[in-house]
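Subject: Handover of a two-chain model

Dear colleague,

Please find below the structure that I am handing over to you, together with its sequence. A summary of what was found in it comes after.

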Amino acid sequence: MLQEKNLAGRIQSLALKSEETVELPPLQLTSAQVTAEFEEDLVDRSELMATLERGSVLDPVRESRHETIFSVDGPTKNFWIKVLHSRGDVSRIERVHIIGVTRRGSETKHIELD
Amino acid sequence: MPVTTRQLLRLIHAIEERFDLTNREKEELLSILDNPSEADESFESGYFDWLFPRTTAKVSSSDGAQKWDLQIGPHAQIEAVLDNIHLDDLIYLFRRFLDKVQAQDLELVETKYVITGSNARQQLISIVVFVRDDLTARIATTYLGRPLKSERGGRFHI
């Protein structure tokens with residue numbers, strides 16, 4: 001019982017999951033709510049925040065096996081992100097985590113080694 | 001894709017082997033893995049990310065002409081643990097990629113590369129790497145097999 005209580009307390013934010021394109025309403029996030037897998041990517045945080053502030057379209061990343069990584073275009077950059085929402089309320093976005101950043105429109109290249 | 005029992009066991013083993021965690025911390029982490037749906041949620045939400053801080057490996061092509069910093073973040077490291085992909089496998093695959101770039105005189109540009117090939121144990125692995133002009137390459141995700149070719153579906157609003 002104690003363990004269940006602890007679990008409920010620990011994992012409060014859930015990752016948004018979808019195989020389909022998701023339309024997000026305008027989001028007002030603070031800097032602290034935008035984190036990154038590689039901290040150098042935080043230099044582009046303001047562009048991502050401005051993009052999400054206008055409302056945005058998230059495309060599931062087909063190159064990933066997970067349904068939790070989405071691609072979103074800013075004016076100059078393309079972001080791969082995870083969106084974390086509160087448990088029980090998918091509309092309450094708590095954090096956006098940047099997985100990677102490239103130039104907008106840059107092509108994904110597939111390389112077979114074998 | 002939900003985690004399998006075998007994948008969970010790999011992560012449990014990785015946690016049990018950690019000398020930098022107290023027994024109490026280990027117990028707390030392992031208790032999350034007792035429940036498969038809770039375990040799924042924890043992976044997806046990045047709960048375990050702090051256990052796997054970013055690591056960087058210097059990787060060169062065989063002829064030494066290409067020298068890169070290969071950065072592997074928490075997300076990709078956890079995926080690797082779950083799929084029994086070793087850090088050496090990722091380095092090996094990226095080195096083979098650099099060798100191919102050299103051999104075929106390909107121009108590396110700042111974009112995403114999906115690299116698929118076998119490791120030394122003949123497992124087929126894919127890595128998605130963000131290649132940058134500053135000679136760093138960041139692995140965003142890794143998994144066994146090839147990328148899935150799925151069609152985009154509909155659209156929904158939040």
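The notes below take up the contact between the chains, then the strands and a helix of chain A, and lastly the domains of chain B. Please bear in mind throughout that this is a predicted model.

Contact between chains A and B

The contact draws on 42 residues of chain A and 43 residues of chain B. On the chain B side, the elements that contribute two or more residues are the helices α2 (23-33), α3 (36-45), α4 (74-82) and α5 (87-103), together with the strands β3 (112-118), β4 (124-131), β5 (136-144) and β6 (155-157). Among these, β3(B) provides the largest share, namely seven residues. By class, the chain B side that touches chain A comprises 16 nonpolar, 16 polar and eleven charged residues.

β3(B) also takes part in strand pairing across the two chains. Strand β8 of chain A, residues 109-112, runs parallel to β3(B) and is joined to it by four bridges. Within this pairing, K109(A) is found opposite Y113(B).

Strand pairing in chain A

Strand β6(A), residues 77-86, is a convenient point of reference, and its pairings are listed here with β1(A), β5(A) and β7(A).

- With β1(A), residues 13-15, β6(A) pairs in the antiparallel sense over three bridges; S13(A) has S86(A) as its bridge partner.
- With β5(A), residues 70-73, β6(A) is antiparallel and shares four bridges; F70(A) is partnered by I81(A). The two strands β5(A) and β6(A) form a hairpin, with three residues between them.
- With β7(A), residues 89-103, β6(A) is again antiparallel, here with ten bridges; K82(A) has H97(A) as its bridge partner. β6(A) and β7(A) also form a hairpin, with two residues between them, and G88(A) in the turn has a positive phi of about 90 degrees.

Helix α2 of chain A

Which residues of helix α2(A), residues 45-53, are buried? They are L48(A), T51(A) and L52(A). These three lie on the same side of α2(A), because they cover an arc of only 95 degrees around the axis. The other side of α2(A) carries the exposed residues S46(A), A50(A) and E53(A).

The buried residues of α2(A) pack against strands of chain A, namely β2 (21-24), β3 (34-36), β4 (56-60), β5, β6 and β7. The helix is thus linked to the strands described above, since β5(A), β6(A) and β7(A) are among its packing partners. Just after α2(A), G55(A) adopts a positive phi of about 90 degrees.

Domains of chain B

The domain assignment divides chain B into domain 1, residues 5-51, and domain 2, residues 55-144. The C-alpha centres of these two domains of chain B are 26 Å apart. Their contact takes seven residues from domain 1 and six residues from domain 2. On the domain 1 side, helix α1(B), residues 5-16, supplies the largest share, with four residues. The classes on that side of domain 1 are four nonpolar, one polar and two charged residues.

With kind regards

How values were computed. Residues numbered from 1 in each chain as written. Chains lettered and ligands numbered in written order. Predicted model: local features only at pLDDT ≥ 70, side-chain atom pairs only at ≥ 80, totals over all residues. Contact = placed C-beta atoms within 7 Å. Nonpolar A, V, L, I, M, F, W, Y, C, P; charged D, E, K, R; others polar. Pairing = 2+ DSSP bridges. Domains from an automatic or database assignment. Buried ≥ 20, exposed ≤ 12 C-beta atoms within 10 Å, placed from the backbone. Arc of directions from axis to C-beta.
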